[in-house]
Amino acid sequence: MRQVVYSVAMSLDGHIAGPGGESDWITIDPEIDFGAMFARFDVILMGRKTYETTRTDQGEPVPGIESYVFSRILRQADCRGVTVSDDASQTVSALKKQSGKDIWLFGGGVLFGSLLELGLVDRVSVAIIPVLLGGGVPLLPDVQSRAELQLVEHRLYAKTGTVSLEYAVTRKTAGPQLRS
């Protein structure tokens, strides 16, 4: 079965975007093979806010990768090149059952938190950028359960100090509400 992989850049203090939603703090390490990363996926999932910031004139956020946007506001007729859904649970469950490559969960923490709560996230891949933002959008907003992770891959990019970590989600349990 295909895996849903939440892949995101994060500051050392746990933010995926700055206080104003900015991402100018993300350093692109020349050693990172983005071609290989993109080749791992044939579907990308994102929420409305991420879609609106990555939207191009062609409509496709990542050319050649089938894109799904989850929103209760956007309408399919207004979003060329992507599939709009208001039911993440049903859509992602169906996608996971189809044959294909892994599914890239991209962008904001709200969709990540929702899919994690539903047990639909299989991997968490985080590139930790050596910067302290002091505030911003957290990696994971408040959720009602705890997810246990097992490290499956790691790499240090010495030129920039970026550390890449990938974890398998091994178990989701009820727990106290997390605070961001």
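Gln90 and Lys97 are exposed (over 50% relative accessible area, with a 1.4 Å probe and protein chains only) on one side of helix 3. Flip to the other side and you meet the buried residues (under 20%) of this helix, which spans residues 88–97: Ala88, Thr91, Val92, Leu95 and Lys96. They share a side because they cover an arc of only 130 degrees around the axis, judged by the directions from the helix axis to the C-beta atoms. An α-helix has 3.6 residues a turn, so residues three or four places apart point the same way.

This is a predicted model, where local features need pLDDT of at least 70 and side-chain atom pairs need 80 or more, while totals for chains, interfaces and linings use all residues. Numbering starts from 1 along each chain, and side-chain values use heavy atoms, without hydrogens or water.

So what covers the buried residues of helix 3? The cover, by contact (heavy atoms within 4.5 Å), includes these elements:

| Element | Residues |
|---|---|
| strand 1 | 4–11 |
| strand 3 | 41–47 |
| strand 4 | 66–70 |
| strand 5 | 83–85 |
| strand 6 | 102–106 |
| helix 4 | 109–117 |

Zooming out, the protein chain has four helices and ten strands; these are DSSP runs, H or I of at least four residues for helices and E of at least two for strands, numbered from the N terminus. Of its 180 residues, 39% count as buried. The C-alpha atoms fill a box of roughly 45 × 40 × 35 Å along the principal axes.
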